[in-house]
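Colleague: Please take a close look at one part of this model and go through it step by step. I would like to follow the reasoning, not just the result.

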Amino acid sequence: MEDIAKILDFIVEIEKLKAVLRKTRPVGLERYENSGEHSWHVCLSALLLKDYSNESIDINRVIKMLLVHDLGEIDVGDTIVYNSGTVENKSKEEACINRVLNILPEEQRAEYLELWHECELAETPEAKYAKAIDRIPPLLHNINDEGHSWKKNNIPKEKVFALNSVDISQGSEQIWSVVKGKLETAVEDGILE
């Protein structure tokens, strides 16, 4: 019973992820996406695209990774991927992950913390694929929103191609090939400059 109470407390705590606004707007909407919506979107995307992973993957492990990978945003907020990655920001995210996961019973805490670290390192086939899939919705949001967040945050095409070519191709060269084509069209159409 104590474990159930801890899990219920965790479920309430992670509701805060729905209040974290991201830097892109969902397709066709004027408002910004929240991190809870992003988590759902990347998980469904991972399921739909799983057959295009570079390597054989355990999709259940990928889904678990994608569901916990943004929990650090509860305390830190979302940072635009092209400007993130600072040691200070990563340290704050990890502190939040530890705080939030410490609510859970020990066995679950250990499992999800391991998954979060695996995702951050992006060395296993599952983590590489998860990282690739995590990049796709924001790209599609921008492509279908006249490059809104790229333009608002002065993100040049060179940064978009450089970061995503690495992150996506390491998880799926096939997906990168198609996404790259969409980005090249966005450049031709003046959406990405």
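**Helix α10 and what follows**

Modeller: In this predicted model, G190 sits just after α10 and has a positive phi of about 80°. The helix before G190 is the part to look at.

Helix α10 runs over residues 173-188, which is 16 residues. Start with its length. The expected span counts 1.5 Å for one less than the number of residues, so α10 should span 22 Å. The C-alpha atoms at the two ends of α10 are 22 Å apart, so the expected span and the model agree.

Next, consider which residues of α10 are hidden. A residue is called buried if its relative accessible area is under 20%, and exposed if that area is over 50%. By this rule I175, W176, V179, L183 and A186 of α10 are buried. Around the helix axis these residues cover an arc of only 90°, which means that they lie on the same side of α10. On the other side, E173, V178 and E188 are exposed. α10 therefore has a side with buried residues, and on its other side there are exposed ones.

What covers the buried residues? Contact here means heavy atoms within 4.5 Å. The cover of the buried residues of α10 includes four helices: α2 (35-49), α7 (125-143), α8 (148-152) and α9 (157-171).

Definitions and conventions:
Residues are numbered from 1 along each chain as its sequence is written. This is a predicted model: local features need pLDDT of at least 70, side-chain atom pairs count only at pLDDT 80 or more; totals for chains, interfaces and linings use all residues. Side-chain values use heavy atoms; hydrogens and water are left out. Buried means under 20% relative accessible area, exposed over 50%, partly exposed in between (1.4 Å probe, protein chains only). The arc is that of the directions from the helix axis to the C-beta atoms.
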